Every structure is written in C-alpha cells, then in structure tokens.
Amino acid sequence: YTQTRTSTNQRRYSTIVIKFNLTPNQLNNMPSTSESQSRVALNSAVKADAETAPVECFRADYEPLPNIVSKISMDFDIRDGKTVVTSEMTIEPNPNGKGPGDLVLDGDETAVKLMTLQVDGRDLIENEDYELSPGKLVVKGVALKDGKGLLRTVVETVPEENTQLSGLYKSGPMYCTQCEAMGFRRITYYPDRPDNMAVFDNVRIEADKEAYPVLLSNGNFIEKGSIEDEPSRHFAVWSDPFPKPSYLFCVVAGKLGSLKDTYTTTSGTEVQLEIFSEEENVNKLDYAMESLKRSMKWDEDKFGLEYDLGIYNIVAVNDFNMGAMENKGLNVFNTAYVLADPSTASDSDYERVEGVIGHEYFHNWTGNRVTCRDWFQLTLKEGLTVFRDQEFSGDMGSNAVKRIEDVCSLRARQFAEDAGPMSHPIRPDSYISMDNFYTMTVYNKGAEIIRMYNTILSEEGFRKGMDLYFKRHDGSAVTCEDFRAAMADANEVDLEQFGLWYSTSGTPTVTYSSDFDAETGVFKLTLSQKSNSEKPMFIPVSTGLIDKVTGEEVAPTKVLELKEDTQTFEFAGLKNDVVPSILRQFSAPVKLVSSTGEIDEETLKFLAARDTDGFNRWEAGQRLYTSLVFQSYNDGSMSDTTKGYVFEAFESTLQEESMDYSIKAYALTLPTESTLSEELAEVDPVAVRKARGTVKIAIARKFQSQLLDAYAKLSTEMEAEKEFKVDAVSVGQRRLRNTILTYLTSIKETEEEQKAAAELASAHYDKAKGMTDKVAALSALASLDGAGASARDDALERFYNEANGDALVLNKWFSIQATADLPDVLDRVMALTKHPDFTFSNPNRCRSLISAFTMNLAPFHAENGEGYKFIAETIAELDKINPQISSRMGTSLIQWRKYSKSRAELMKGELKKLAEMKLSDDLFEIVNRGLK
C-alpha cells in the first residue's frame, strides 16, 4: 500500500495488488515475515547482544552538543504488537556549543527498529551520511546545511514486550511512557540528555477507539477525531509550548476513568484538573485531588509560583519503577502514591500520597521550568524538590512530626549509603548507569543541603535566593553552582565554602566539649569537624542553652557557623551553668558526638524532660534508649542506672497529657534496628534484634498496666468518633494506640502471654475502622508463634480474602509476612514467590516481598547465608526482566564490610557469582562497586 496524508491528522490509504507467480521451491526459500522486517531495519546490523564493556561517564567530560533539536513533532500509531513512531525534528546549531558538527542521537536498538532516516526529505546513506553503533546514531555534519535541517525518522517498537518499564510499555489496560533518565531513546533516536530542551510542538497519538479511548500527552489539548478510513480508530493531538528535555515527555493511551476538578490560580486563571485511573479505582482519587489543590495553593503562598498551563493531568499506573514522574502537564504515578481510601490505605499511605503529589507538582518549577544541565546535577532538581515537599507536608500537618520522620529515614538509610561502597556526593563525579543514582543521597541528603541554605540565610533570605534563581534561569538547563550563586548573590554572602557539600561523600562528624566559668558567667562551646573533605566544611549548628538550675531556656536557638576544623563559641551573661542543646532541628546531616566519646546519660535525661526544641527532646530520649540497647547488645545485661533513666523518661512521656499524639508515639518508640546498626562498627543483626527486643519487653512488663489503661482510654475516645478522618489528631491517636499495641503484644514468652497477645491483636483487627489499624493488628499477629499461631494464620487468611484482589492491599499482605519476626520467615517468603498473586514483572509486588525481606535484618543476615543466596538468585532472574529493580535490590548485598568475617565472605561469595554472569549495566555497576 501507499500512504498519503490528506491533512495534518488524517491518513488515507490506497491499495495496489501485485500478483507473483512463484514455484513451491521459491516459496520455501522466502524469508519469514519477521526476518523480512529485521532486514529492512536500518539498525539491524547493530549487534544488540554484542559483548561491549559498560562505559563509565564522568562529570568532568561534559561538553555541549554541537547541534540540538529545537522543535519536534511526533506521531504514535499504536497497534497490538507494534507501534510505529514517526518524528520530525528541527535541527539547529547549539548557541552554547562550539559550532556546527555531527548530530549525535541516542537510541536503544534492543527496543526500536529504525526504518526511515531522512534529512530535508532525502534518504540518508549509511557510512556516507550517518553511522550506527550500539546505542548511538551519528548524522554527519555533511548531511546537514550549516548544522541545520529537518530530520525525519520512523521507528518500530513493541511496547508489549518492554518488561524494563522504560520507554513506551504496556501496563494493564494502557500504554504509557517513562523517560527519566534514559527512556526516550527506547522510543526513538534523539539527543536524550537534559540540556537539549525542545518544543514538542505537535504530538499525535492514534489507537483503537474502544480499547484506548483516552489519548494523552504533555501540554495543551489541540484536537481529536476519528480516522476516516478506519472508523474503529481515533486520534488526539497535544502541544506543549514550553521547551523541555526528552525525559519529561509522556504519552498515555488507555481505557481509563477519571476524577475532574478545577483550580483558580492567584492571577485568576482556571486550570482544568483531571486524575485518571482504571475505572474501578476512580473512587480512590479524591484525596489525591485535594492534595493537588493544596499543593498548588501552597506553592503560590510560599514561593509565589503559579501553574503555567490550562490543563494538569495525572495518570495512575500499576506497573511503574519509580514513585511518580513529573512529566510536564501529565504526571504519571505509581498507583501506590495516588490511590487512597480508608479501607485500602493506611495513614502512612495518605501521607505519602500527599507528599508525592506535592513533590511532582512542585517539579513544575524546580525541575521542569528550570532543569539540570546533565544528570550529574540531578540533586539540583530532586534535593530542592524533596525539601519543598517536606516543608509542604509539615505545613499541612505537623512540622515537628515531619522533621522526626525525615531524620529517622535519613539516618536509617542514607547514612548507611554514605558508609558503604555506593557512597557518593550529592553530585556524583561518575556513573555507569544513571538509574543507580536515584538515591537517598541525591534526594534526601540533597534536601538537607537545601535546608542548610534555609537555616543559614533564614526563610526570607532563602526566598530571595529562589526568586533570583527563577529570574536568571527560567527555561534553562543549569548546574548546582548556578543555584548556589543565586542564593549567594541575592543575600550578598560568600557561599564558596558551602559548595564543598556538593563534592564531599560520607557523613561528617561534629564533636563537642564545653566549659562554664561561674565567675564571669561565660559558657564556652567548642565544636570540631571531621569529614572526607580535605578542607573544612561550612556546617550550621543550631544551638540553644537550658539553665541547669531552673530548667528554663536562657539562650534561644542561634545558628553557629562552624567553618574551621575547630572553633569555640562563647555565650556571656549567664547566671548558672547550662546544658547545651546542640544541632537543633537536625540543622546539618552530621553525626554529633561528645569529644570524650562517652554518653552523658544524666544530660540526656535532663534534655528529654526540659529541652524546648521538640526534635532535640525526642533525640535525647532516643539516645537513652540506644544506650540501654547497646548495654544489652554488648554483654547481655542492663545498668540499673540507665534502665532507671529510660523508665523515667518513658513514664513521663506516657503520662504527659498535653503532648501531640504523634510526637508521643515517636517518643515512646525505640530506635529501629537499622538506625541502631549505623552506630556499630561491626553489626550482628541477630544480636541487635535480641537486644532491642529485650529492652522493649522490659519496658512493656514494667508499664503493662499503664499501657493497658492508655490503650483503653484511646480506644474509648476513638470509638466515640463516628467519622473516619485523616487529620493530625486522628492520625496521631491511631499512631499512639498502635505503638502501645506493639509493646503489649511483645509480651509473649509463655503460652498464656501468647494467647493474650493474640486476643488483643485480634480484637484490634476486629474493631479496626480503617487500614491503619488492620495493618497494625496483622503485623503484631504475623510475628506470633506457639499458642498464637492459629490466630496468626486465621488473620492472614482473613486479610487476604478481604483484599478481594486489590493490588495495593495485597502488597501489604506480602510485606507483613516478609517482615515478620519468625524463625522460618525465609521459607515463608520463598513459598510466597510461588503464590498465584506474586509476579516478578510488577515492581510494587517485587518490592513488597523481596525488598521487604532484605529489610528484615535478622533473617536476611542469618549466619548460614541462605538469605543472601536467595536474594542473589532472585536478583539474577529479575535482572533479565527489569534491571532498574534488580540493581536496587542488589544494594542489599554490598554492605558486607559492616558485618562479621563469616557473613562478609558469604555476601561477597554471592556477589562474585553474580559478577560471572551477563548482567545489565545497572546491576553490573552495583556488583562491581560492591566487590571493590
């Protein structure tokens, strides 16, 4: 057939029948259809399976492209089993480059077949006009006119076979794309890097009308219609007026329901809001919509930033490697971060929905309007936007609670990353696979660096810096230095030394000592720093002073600027000796230790009772708990003095009526096993669990009657509340009661105690008004054995049946079992991989079982090494399906230096086995770093 366009968006086909008279022998010798198609692909000669060594990219090697794509139009012809993508790109010399040269395009020949390559209507000739190599298409400068031309490509791809979920792929009833960081090259050949910002002028999507009635892309909707000669098919056209890099491109085609609303900006512009999901999930979109509107209002109030298009769409996708993606005007979300109702979502789920909705919306300015020049600058958009979403969530709920949660996460996960073989600065110097650097360091430590700007410059100064940043760089791809310069220039300060945070890996340590001169009333605080930087870093240390005699704050919070190896700060005019409250609000991502190395438990007890800074008051209690746990860990015994301090602090917290429910819950909670492990030079995870459990049981037995009374009182208050709410008070009540439940059900040594624990947890489950309490009850039951085993098994079966196939609820069912404290948990996890509801092709399901098990530290690190073997074998299989997920799971095996020699050898043994296999670049990098 021949194909001609009758207009921009209509196709008309005419058919020519040609008759061939062939002998049977000729017919037998004809190539198959697939062979025929393979032969006509221009990139068929590129060996997809060629043994090419992974290539390491270095930040120092950055060079601007000689030519760029300034404008692009695309046509997606989606059909079952094959999608044809036609692109027309306007090529121009790069104004920031060294002059016209070759046009370098990225493309993944394992995902796309290049069928047509033309410049200004002329078919290009291989070797003469262009060259193909694995991952690259170079159009030679001679094929362009002074670096200019209209490049046309036609490629074929099979989204249904794309298990990597990068590029264009099929997820349930829809086709969708994920292009960050390097997915666009799996859609077509293109300069797939952030500094090529082009206008996606015309994106046309064509598909079956009944199967895919919703056709979406970035920007503004232009038109839609039926295909004249194929009435069963239809098209839609979208246009985005804002230049963007390819990683922000998106198309979606599917059979979807939606929730619609509007938002009117401060300047009076009405924005059409629509959130799409599978039709059966539309009733779970209300909270996401409300969160979106709150995000839009907050960004206007906090930073003066309005939305800039007339449409804002969100699509919920079940198969998704990340949490969400900020594609301009068309966010794509993992269903776990957009679907929520009381029967399927816990309070933590609601908080994540609000936070991630906010995060992706805030990217419209910090990531989309101003993006990063290259992927080494990723923290420029992610660290900044995480800080913004943290502030938003704190303002929507409780800033004190949010700060505790964020620091707990940072210490448990990012500090471990800093101490391991994947340690890197927030701006890495090199990578093999960029997908491996979407890390806690880049995101969460990056957010802490942004927070330090806010601490040093004040909120007003930070806002001035943000305003200048947007004024200078709107519509540009920039670097971390550009952001730092805007902050410095707007506030007329020198932040050159502060820039060391961008290039220094590891977690700095700040040590302190103090001295009080009673005669002069002068208190001296000496701070010293140690880090991986050759030069002293700029560390803001927020500090206040509490009078030892009166217990009153006598010096409010002051930011001490530690810029030298050692500095002494003086506080004058004091009547009595004081206790310093150091690093308030965790003002810098550092470890704080006494210069003597000893723990002053008396001081911790004082701060836990008297500190006016909520974070440091909580922190003092955590340090007391840690001290007692480590006493049990080291020699199996606990000091009566330390135990007395812990009991006193616990009882005081439990009895305090005015304390925020969530703050109280966190103050009563022991440090996690992962947080405790970060304090140890060599970790025995089994011993850590035992020691922590010993302290928890000691507290539970000591205060059993008070805990039961508090539990009963909370239950009465909550039962009187007829309506389910997700406000700070209701969430706090559930959090506190569930914390108390974990203490009460930890008492399970005798058969009688096991029965009592099972009865309490089962009753908790029966009376649950929402998923939060259900999960708390089931988690307690899942770790019961002996006389509580039957209640455990009944509850697990009941929860599964009540899930009724809901994917997100089933993820909870898998995770609870993977993290249970049972001696045979590995056997249970291995059995669950055979469960009909388990699949390796869905990232959420993999994370809910496999990743969850790696966080169950005691059984994962069992001395026989069976946990390591299971994970290594699983990763090897998963790598063939989805390298991004396999590499993330692979990080669980690379921390072997933290463990005993026997465990370390077992972990290294599994890494060596993996190293001998053919691995994806993603997993190769993790394994290679782990073995160094």
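## Close-up views of the predicted model

**View 1. Phe362 is buried, with a relative accessible area of 0%.** Please keep in mind that this and every other view shows a predicted model. Next door in the sequence, Tyr361 has a relative accessible area of 1% and so counts as buried too, the cut-off being under 20%. Both residues belong to one aromatic cluster, whose other members are Trp298, Phe303, Tyr307, Tyr312, Phe387, Phe392 and Phe462. Across the structure there are 42 aromatic pairs. One of them is Tyr361 with Phe362: the ring centres are 6.1 Å apart and the planes stand at 70°, so this pair is edge-to-face.

**View 2. Phe647 and Phe703 make an edge-to-face aromatic pair.** Here the distance is 5.7 Å centre to centre, with 90° between the planes. The pair links distant parts of the chain, as the two residues are 56 residues apart. Phe647 lies in helix 11 (residues 640-655), while Phe703 sits in the loop between helix 14 (685-702) and helix 15 (704-720). Are these two rings buried or exposed? Phe647 is buried at 14% relative accessibility, and Phe703 is buried at 2%.

**View 3. Two charged ends sit over aromatic rings.** The charged end of Arg369 lies over the ring of Trp365, 4.0 Å from the ring centre. For Lys170, the ring underneath is that of Tyr175, and the charged end is 5.0 Å from its centre.

**View 4. Four strands form an open sheet with antiparallel pairing.** Following the sheet across, the strand order is 12-13-18-15. Strand 12 (167-171) and strand 15 (214-217) are the edge strands, each pairing on one side only. On average, neighbouring strands of this sheet are turned by 20° against each other, direction ignored. Inside the sheet, strand 13 (residues 174-178) and strand 18 (residues 251-254) run antiparallel and are joined by three bridges. Which residue of strand 18 is the bridge partner of Met174? Look for Gly254.

**View 5. Asn844 is a buried residue of helix 22.** The helix covers residues 843-854. With 7% relative accessibility, Asn844 falls under the 20% cut-off and therefore counts as buried. Its side chain makes a polar contact of 2.9 Å with the side chain of Arg847. Setting aside residues up to four places away in sequence, Asn844 touches Asn318, Phe320, Asn334, Thr335 and Ala336, along with Leu808 and Asn811.

Technical notes:
Residues are numbered from 1 along each chain as its sequence is written. This is a predicted model: local features need pLDDT of at least 70, side-chain atom pairs count only at pLDDT 80 or more; totals for chains, interfaces and linings use all residues. Side-chain values use heavy atoms; hydrogens and water are left out. Two strands pair if DSSP finds at least two bridges between them. Axes are lines fitted to C-alpha atoms, for helices over the stretch in contact, and angles run from 0 to 180 degrees between N-to-C directions. Buried means under 20% relative accessible area, exposed over 50%, partly exposed in between (1.4 Å probe, protein chains only). A polar contact is a pair of N or O atoms within 3.5 Å; within protein, one must be able to donate a hydrogen and the other to accept it, and residues adjacent in sequence count only if both atoms are side-chain atoms. Contact means heavy atoms within 4.5 Å. Rings of Phe, Tyr and Trp (its six-membered ring) pair if their centres lie within 6.5 Å; planes under 30 degrees apart count as stacked, over 60 as edge-to-face and the rest as tilted. A charge sits over a ring if NZ of Lys or CZ of Arg is within 6 Å of the ring centre and within 35 degrees of the ring normal.
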